[in-house]
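Open your viewer, switch on side chains as sticks, and keep the selection panel handy. We will go from stop to stop, and at each one I will say what to pick and what you should find there.

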Amino acid sequence: QVQLVESGGGLVQPGGSLRLSCAASGSNFIFSLSVMGWYRQAPGKQRELVASITSSSGSTTYADSVKGRFTMSRDNDKKTVYLQMNSLKPEDTAVYYCSLLKSSGVRFWGQGTQVTVSS
């Protein structure tokens, strides 16, 4: 079983920055071989992929809405991924979830962290 714990959410003014973290723990998984992702879900909307990072090369992909503003990274030694969010906009307000996809195809989710962008 895998546990994912997100942190770093909060209230920030438009144009501000936040850094989210997601720490993985548990058994029967190899973090370095897992594809990690950040998703978000705003009230009344479907959950959407924000960013993902591969297990091997560590290459990243981003939703068009966050390209150039958000940066995802991973530290395999710490079993942690990060999402650096800059130039935040009110439309970035959502609950942000961390996801771990094992090589077997099984996916795990964190409990989510609230990000609110408001003046």
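The tour below moves through aromatic rings, charged groups and a few backbone spots.

**Before you start**

This is a predicted model, in which local features need pLDDT of at least 70 and side-chain atom pairs count only at pLDDT 80 or more, while totals for chains, interfaces and linings use all residues. Residues are numbered from 1 along each chain as its sequence is written, and side-chain values use heavy atoms, with hydrogens and water left out.

**Stop 1: Tyr39 and Trp109**

Select Tyr39 and Trp109. Their rings form an aromatic pair with edge-to-face geometry, 4.8 Å centre to centre and with 70 degrees between the planes. For pairing, the ring centres of Phe, Tyr or Trp (its six-membered ring) must lie within 6.5 Å; planes under 30 degrees apart are stacked, those over 60 are edge-to-face, and the rest are tilted. The structure holds 1 aromatic pair.

Now colour by secondary structure. Tyr39 belongs to strand 4 (residues 35-41) and Trp109 to strand 10 (residues 107-109), so the pair ties together parts that are 70 residues apart in sequence. Strands here are DSSP runs (E, at least two residues), numbered from the N terminus.

Is each partner buried or exposed? Tyr39 is buried at a relative accessible area of 15%, and Trp109 is partly exposed at 36%. Buried means under 20% relative accessible area, exposed means over 50%, and partly exposed is in between (1.4 Å probe, protein chains only).

Stay on Trp109 and add Arg47: the charged end of Arg47 sits over the Trp109 ring, 4.6 Å from its centre. That label requires NZ of Lys or CZ of Arg to be within 6 Å of the ring centre and within 35 degrees of the ring normal.

**Stop 2: the salt-bridge network**

Select Arg40, Glu48, Arg69 and Asp92, which are linked in a network of salt bridges. A salt bridge is a side-chain nitrogen of Lys or Arg within 4 Å of a carboxyl oxygen of Asp or Glu, and the structure holds 4 of them.

Begin with Arg40, which is buried at 6% relative accessibility. Arg40 bridges to Glu48, with the closest N and O atoms 2.7 Å apart; Glu48 is partly exposed, at 35%.

Then turn to the other partner of Arg40: a salt bridge to Asp92, whose closest N and O atoms are 2.9 Å apart. This pair links distant parts of the chain, since Arg40 is in strand 4 and Asp92 is in the loop between strand 8 and strand 9 (94-101), 52 residues apart. Both Arg40 and Asp92 are buried.

Follow Asp92 onward to Arg69, where the closest N and O atoms of the salt bridge are 2.7 Å apart. Arg69 is in the loop between strand 6 (60-62) and strand 7, and Asp92 lies 23 residues away in sequence. Arg69 is buried too, as is Asp92.

**Stop 3: Arg74**

Move to Arg74 in strand 7. What is the nearest side chain of opposite charge? That is Asp75, 8.4 Å away; Arg74 is buried yet has no salt bridge. For charge, Lys and Arg count as positive and Asp and Glu as negative, with His and the chain ends not counted.

Show the polar contacts (N or O atoms within 3.5 Å, one able to donate a hydrogen and the other to accept it; residues adjacent in sequence count only if both atoms are side-chain atoms). A polar atom of the Arg74 side chain lies 2.9 Å from the backbone oxygen of Ser34, and a 2.8 Å polar contact joins the side chains of Arg74 and Asn76. The charged end of Arg74 also sits over the ring of Phe31, 4.8 Å from the ring centre.

**Stop 4: two positive phi values**

Finish on the backbone with Asn28 and Lys79. Asn28 has a phi near 60 degrees, a positive value in a residue other than glycine. You will find Asn28 in the loop between strand 3 (18-26) and strand 4, exposed at 64% relative accessible area.

Lys79 has a positive phi as well, near 55 degrees. Lys79 is in the loop between strand 7 (70-75) and strand 8 (80-85), and is partly exposed at 36%.

Notes:
Helices (H or I, at least four residues) and strands (E, at least two) are DSSP runs, numbered from the N terminus.
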